[in-house]
Amino acid sequence: FIYPRQTMARSAIDCANPLQPLYNLMKDEVIDYDVGALDATTLQVLNEPDRPARRKSYAYCFRGGPPDKKVVIYEYNAENHKSYLLNWFAGFKGSIHADADPFFDDLAAQPDVDMSYCNAHSRRKFEPIAKAVKTDGVAHHAMRVYKQLYKIEREAKNKKLTPEQRYQLRLEKAKPILEKYKQWLDETYPTLLPKSPLGKAVAYVINHWDGLIHYLSDGRLELDNNLTEQEIKMFVIIRKNFLFACSIAGAKALCAHLSLLRSAIANRLEPYRYIKAVLDALPLCQTVEDYEALLPWNIDLAEEKTQQEHQQAA
């Protein structure tokens, strides 16, 4: 039997509403921890009040939580992005991985928030210039610097260093490289045309320098925001298949289901079994503790399977 698309869509929307308590608890983990990350991509929603169908809305991805409680959250938002992000991160104190998108400016201005900007993002501004110009020049030098920085990160990964050990390694090897790089940038920028691609690339690094080197201050921080960008890439691949959401309810349901799915995978759970266990247990939840037991880092799927087998035998 094949269900009509409209029926499947309605089922997904109806299933998403009971997931809200789990979503709220996962968001609490992001806010309560002191290292987070975010990125965004466009999402077209056809039927939004007072908005033409062609106007793009956004799907945000938030990552965070302590190492044993990894959270990946997606959320739809249509407008007022700066105030939306301020409200979303209300109560957060710590470092946030992101690029330097203007949407994030008000969040970056908060006294309790330190932005750890993505060095892969700044590197990409030099990469096409280096490929287009055969002679060794400014872009090639910048690319060599980033190659050195990523080599240090690979060393830390290969040696399986603790955050404290990675912090010390960066101070020893990465900090001197970055200090020389900054001096070189300051000397080089006046020789470039400000509106040229190369001038803009150098200006971007200079203007966001404090955020780009913030990762040196904490071994838990990353050199870039690639882990969040990988989650966004996954969303983009899915979007190529569904193209758009018809309604706001559909966009919110999509984000709710993906949040649960990707958080399960982040915590090394088999996603189908996890989602099934959650949907089976949700009608029986009455207290906060009942919902907490269903979070990806709390649930015991082996126990869930045993309980289901007993129920089937009975």
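I began with contacts along the chain of this predicted model, and I noted that, of the contacts with a separation of 6 or more, 66% are between residues 24 or more positions apart. I then looked up burial, and found that 45% of the 314 residues in the chain are buried. For the exposed surface I wrote down about 17500 Å², of which carbon and sulfur atoms supply 53%.

Next I listed the secondary structure, which comes to 14 helices and 6 strands, and I recorded a span for the C-alpha trace of about 75 × 50 × 40 Å along its principal axes.

I turned to one helix pair, helix 6 (residues 138-158) and helix 7 (residues 163-188), whose axes lie 10 Å apart at an angle of about 170°. Because angles over 145 degrees count as roughly antiparallel, I entered helix 6 as roughly antiparallel to helix 7. On the helix 6 side the contact includes V138, V145, L149 and I152, and on the helix 7 side I noted, among others, L169, A174, I177 and W184. Sorting the residues of this contact by character, I have 13 nonpolar, 3 polar and 5 charged.

I stayed with helix 7 to ask where its kink lies. The kink, of about 40°, is at A174, shortly before the proline P176. A174 is also one of the buried residues of helix 7, a list that includes R166, R170, Y181 and L185. What covers these buried residues includes helix 6, and I also noted helix 5 (119-132), helix 8 (197-207) and helix 9 (209-212) among the covering elements.

Technical notes. Residues numbered from 1 in each chain as written. Predicted model: local features only at pLDDT ≥ 70, side-chain atom pairs only at ≥ 80, totals over all residues. Heavy atoms only, no water. Axes fitted to C-alpha atoms, helices over the stretch in contact; angles between N-to-C directions. Helix = DSSP H or I, 4+ residues; strand = E, 2+ residues; numbered from the N terminus. Parallel < 35°, antiparallel > 145°, perpendicular 65-115°, else oblique. Contact = heavy atoms within 4.5 Å. Nonpolar A, V, L, I, M, F, W, Y, C, P; charged D, E, K, R; others polar. Bend = angle between axes of the 7 residues up to and from the residue. Buried < 20%, exposed > 50% of the residue type's maximum accessible area, 1.4 Å probe, protein only. Areas by Shrake-Rupley, 256 points an atom, 1.4 Å probe, with all protein chains shown as cover.
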